[in-house]
Amino acid sequence: MKFYFAKNLALISGIIVPSGDQLLFIVAEVIIFLLIISLLLVIAILIIRLFNHLGDKRKTDFLSHWEKRFYDYIGSPTDPNKLLSDVKTSEYKYLLMVIRDLFSLLDGKDLDSLKKIINETSIYNYLLKDLKSKSTRRVIRAAYFFGAANNQNVKAILFGHLYSNKTDVFIYCARALARINALEYASAILHASRFQKEISTDILISILLEFKSDVCQYLLERLKFEDDYSKGISIQIFRFHGFREAANDVLEIFQSSTNKKLLVECIKYAGTVECIDAIPHL
Amino acid sequence: MAENKKKIFYAEDSDSLVKLMTYKLQNEGYDIIVFTNGEIVYESVVAEKPDLVILDLMMPIKDGLTILREIKSNPDTSNIPVIMLTTNAEEDTILKALETGASEYITKPFSTAVLLAKIKKILG
């Protein structure tokens, strides 16, 4: 068999000049080979389409059965565990799809009922397993929901992901910590961001702005110990929050620093908070 | 019986919010017609004269503020109350919508109970 294959290969590559019969045989072999490959590809595509179709049907069936109950539950004092009583673990992903969009659109009691689904039902353990997994997709999904649901129990796990070599994991986990307002990790986010090659200053600032305004006091207390880059970021956060209490420290940096970027941030801050003391030094 | 139902036009491009609000409004006894973009909202308002229009500010094809202006500049539709719904909470945008004639301005995220209360207040 090996001999024939080697011989055919030699014929095809032109090492041996084929006779008429041999040429026909080679052509037939190539055609059969291509037909088998095409057939396998068609079968693979059909299987994938079948799986997608079954997945879509399962999702549609689940949503048509579950959505009305879910909408009744939103904003009501109903125990979320009752809502999930007959939902299978394999259907949690569909449920999370529906909840995901609404987290950013609803407020008040509606938002509280969404948070309860994440924090007080078996979804919590489901997402916790995701957060501890090595799959980027699962980690960022869990981080999103824990951040949105203000879950205080997962801060340490989220922190562990800050030094991930995957930028998406860093962004989602840092944002989740900020949404939870875990002030004690604000410096860690600043520090860990330095190890992320693909993260821009704008993204970092957008993450830090997810913290409540009390992050300013926390950043101010650590300002002296930070390098110029982190100082610049902190000053931008002060500026966005209109945090006047940092004026003296920013003025001190303005008078002593030679870093142009940092000086620009000091000037912007002084202008925004109308720091009159800075005017003579401009 | 169905004729007594107040008709609400709801123009919103968020699928999840549309489904939730449609369910809540129907439960309250309103007849709701949904538009997922701004293309034919104004023409439909002129044709059907609903009791209330809820407009998302940012929508594909035609934005909510343009539709609001069209509704309010037509004497046939200018009396129809409009609630603006948006993520943009900037003072200028809110003022612009209210000056153009919006009855209410609600910023996302919002509470469905609050929106329903405002709708009830407007529709009486």
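**Notebook: helix packing, chain contact and odd backbone spots**

Started with helix 14 (residues 247-256) and helix 15 (residues 260-272) of chain A: they pack at an angle of about 140°, and their axes are 9 Å apart. I'm working from a predicted model here, so everything below is read off that. I checked the handedness of this pair too, and helix 14 of chain A passes helix 15 of chain A in a left-handed crossing.

Next I listed who touches whom. From helix 14 of chain A I got A:Val250, A:Ile253 and A:Phe254, and they meet A:Leu262, A:Leu263, A:Cys266, A:Tyr269 and A:Ala270 in helix 15 of chain A. Sorted by class, that contact has eight nonpolar residues, with no polar and no charged ones.

**Helices 12 and 13, chain A**

Moved back along chain A to helix 12 (residues 215-222) and helix 13 (residues 228-241). Their axes come within 10 Å and cross at roughly 150°. I noted the pair as roughly antiparallel because of that angle, the cut-off being over 145 degrees. Helix 12 of chain A passes helix 13 of chain A in a left-handed crossing.

For the residues, I wrote down A:Val215, A:Cys216 and A:Leu219 on the helix 12 side, meeting A:Ser234, A:Ile237, A:Phe238 and A:His241 on the helix 13 side. The class split for this contact is five nonpolar, two polar and no charged.

**Helices 5 and 6, chain A**

How do the axes of helix 5 and helix 6 of chain A cross? I looked at residues 108-120 for helix 5 and 123-131 for helix 6; the axes come within 5 Å and cross at roughly 65°. So I put helix 5 of chain A down as roughly perpendicular to helix 6 of chain A.

Here A:Ile117, A:Ile118 and A:Asn119 of helix 5 meet A:Ile123, A:Tyr124 and A:Leu127 of helix 6. I count five nonpolar residues, one polar and no charged in the contact of these two helices of chain A.

**Where chain B touches chain A**

Then I went to the contact between chains, which takes 14 residues from chain B and 16 residues from chain A. On the chain B side, helix 1 (15-27) and helix 5 (112-123) each supply at least two residues. Which helix of chain B gives the most to the side that touches chain A? Helix 1 of chain B does, with six residues. I split the chain B side by class and got seven nonpolar, four polar and three charged.

**Strands 1 and 2, chain B**

Helix 1 of chain B turned up again when I traced the strands. Strand 1 (residues 7-11) and strand 2 (residues 31-35) of chain B pair in the parallel sense over five bridges. I picked B:Ile8 and looked up its bridge partner in strand 2 of chain B, which is B:Ile32. The chain gets from strand 1 of chain B to strand 2 of chain B through helix 1 of chain B, and this β-α-β crossover is right-handed.

**Two backbone oddities**

Most residues other than glycine have a negative phi, and most peptide bonds are trans, so I went looking for exceptions.

- A:Asn150 isn't a glycine, yet I found a positive phi of about 55°. I placed A:Asn150 in the loop between helix 7 (136-148) and helix 8 (155-160) of chain A.
- The peptide bond from B:Lys108 to B:Pro109 is cis, with omega near 0°. I located B:Pro109 in the loop between strand 5 (104-107) and helix 5 of chain B.

How values were computed
Residues numbered from 1 in each chain as written. Chains lettered and ligands numbered in written order. Predicted model: local features only at pLDDT ≥ 70, side-chain atom pairs only at ≥ 80, totals over all residues. Axes fitted to C-alpha atoms, helices over the stretch in contact; angles between N-to-C directions. Helix = DSSP H or I, 4+ residues; strand = E, 2+ residues; numbered from the N terminus. Left-handed = near helix turned anticlockwise from the far one by under 90°. Contact = placed C-beta atoms within 7 Å. Nonpolar A, V, L, I, M, F, W, Y, C, P; charged D, E, K, R; others polar. Pairing = 2+ DSSP bridges. Right-handed = clockwise from strand over helix to strand, strands pointing away. Parallel < 35°, antiparallel > 145°, perpendicular 65-115°, else oblique.
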